[in-house]
Amino acid sequence: MILLILIKKKNNKRLPPGPTKLPIIGNLHNLIFAGDDHLPRMFGELAKKHGTFMHLKFGQISQVVVSSSDLAKEFLKTHDINFSSRQDIFTSRLLMYNNRDVVFAPYGEYWRQMRKIVTLELLSAKKVKSFNRLRREEMVKMMDILTKAARNGTSVNLSEMFLILNNNISTRSMFGDNLRHQTVFLDAMKEVVVLATSSNFSNFFPLLENFSGWLTGMKLKVEKTHKIIDKILNTIIDEHLGKINNDNSMEDGEEDFLDILLKLQKENQFGFEFSMNDLKAVFLDLFIGGTETTSTTLEWIISELVKNPTTLKKVTSEVRQKFSITDSKTDDYDNNFSKEMGYMQNVIKESFRLHPPSPLLIPHESREKCQIKGYDIEEKTSVIVNVWAIGRDPNKWKDPEIFKPERFIGNPIDFKGSHFDLIPFGSGRRICPGMTFGLANVELSLATLLYHFDWKIPNDLPGKDLDMAEGFRGTLGRKNPLILVPVFPTT
Ligand code: HEM
């Protein structure tokens, strides 16, 4: 009898519609058949059949996928507090010191405090500005390579170059100019990024994670990578500790992220126990959060501009009129310099609309059961917001597949989190805290690239022939690298 009541109760739940679920695996077959190649598109296609509010089951994980701006607002604004947690997944737990970072920390006091510190002490507008000199030096390095290529008429792999540029800016802001550690750190981090973002069996069957992690060899792999990273971090931290102990006169503007975290820890400024492992977890976040997202953004903007020569001409003309060469050379140019370049801002918005680097945000998790639009959402449901599909929604955007920055002229919509048709950084409590840092890199790089060079495809192919295939690897980048020839402007 009790069993019957329980079954009845269970069946009474009104879940959002979704594709047929198979016993045990649920909808894992949908994932397997689609491959990992383009998850946002796969979810977008399923939404066309089952609706913008969809329920799936991946192994043991109950999953909701939302694909409209109205629903995004429900989850990220109206019910934000309930959906501000994260799933406790196997790989991130092992890599991120038991999820003591910001990205993967569950909602709670620890996450709130850490987020406050990251936002106010590390990624504030003032701190971002303090890295202007460093950013400018990295631009000069990039310019040297491009100038040589322009002189020789050779092509450059811009995808690789943008990744190196943003890696360098990240590592230098994080722990200074130690090139020896920079190379070792970057090599190990490549592996961490792959492991942290890859979907794997153990994450779908948490109850079996020890067994499956061992069976697939994933546990061993993650533990090995974690050990390597931990060792490198310990060395970098020891050196910084030595520096701080020997020199208490460090100016605000000279401090890198690690200096600040260690200082706060030493002064016991956290108001709670903040161990060395906690510090290392937050430190890794800043690198993972900040590099690929930013280089992918640049990659897509330049791709779309080369593909659309009229837009390229228009934005180049604006940049060459308004971006003074001294902007990139003086130490204290204002980060607001690009606000004067209204059309360039629209180009960036339009690129975020079509190519959000983090197209499914980072999955949120419900803290308790609730009802949305008459559907039951259970506790610990994982929520994916398909920002990629929202940006291409034909009900919201005219000619959604066409790159047209003009659509933003006289249109107040921006990407700061209050317009749900355009949320590349998310919205609400979990919105990206690194927006200012990321945009500073994107804007200065873009202005520099357009100010100094014209761009063409190798073998003088027309822009419309540029390959624009997308490849999803946690971030949504180009499937194939962007290879272009820089040309000195003739006027
Ligand atoms: C163009 C550049 C960037 C884009 C498009 C981007 C996008 C995002 C998105 C979509 C999220 C998830 C929001 C959610 O869960 O709803 C996120 C979270 C986060 N990002 Fe970024 N990001 C960028 C740059 C950065 C940078 C430069 C940093 C740090 C240096 C950073 C650090 C973080 C952190 C720590 C989180 C986790 C926030 C939390 O869970 O509370 N991001 N970002």
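## Sheet and packed helices

In this predicted model, helix H3 (residues 39-50) lies across strands E1, E2 (61-66) and E7, and its direction is at about 120° to E1. Helix H4 (residues 69-78) also packs on the sheet, where it touches E1, E2, E4 and E7. The direction of H4 makes about 135° with that of E7.

The sheet is open and consists of 4 strands in the order E1-E2-E7-E4, with mixed pairing. Strand E1 (53-58) and strand E4 (364-365) stand at the edges with a single partner strand each, so one side of each has no neighbour in the sheet. E4 pairs with strand E7 (residues 382-385) in the antiparallel sense, over 2 bridges. Histidine 364 has valine 383 in E7 as its bridge partner.

## Buried side of helix H14

Helix H14 spans residues 257-266, and its residues Phe257, Leu258, Leu261 and Leu262 are buried. These residues lie on the same side of H14 because they cover an arc of only 125° around the axis. In general, an α-helix has 3.6 residues a turn, so residues three or four places apart point the same way.

Asparagine 268 follows H14 and has a positive phi, near 55°.

## Annotated position Cys432

An unreviewed UniProt entry places the feature "binding site" at Cys432. Cysteine 432 is found in the loop between helix H19 (387-391) and helix H20 (435-452).

Cysteine 432 counts as buried because it has 22 C-beta neighbours inside 10 Å, the cut-off being 20 or more. When residues up to four places away in sequence are not counted, cysteine 432 touches Phe425 and Gly426.

How values were computed
Residues numbered from 1 in each chain as written. Predicted model: local features only at pLDDT ≥ 70, side-chain atom pairs only at ≥ 80, totals over all residues. Buried ≥ 20, exposed ≤ 12 C-beta atoms within 10 Å, placed from the backbone. Arc of directions from axis to C-beta. UniProt positions renumbered as here; feature names shortened; annotations may be inferred. Contact = placed C-beta atoms within 7 Å. Pairing = 2+ DSSP bridges. Axes fitted to C-alpha atoms, helices over the stretch in contact; angles between N-to-C directions.
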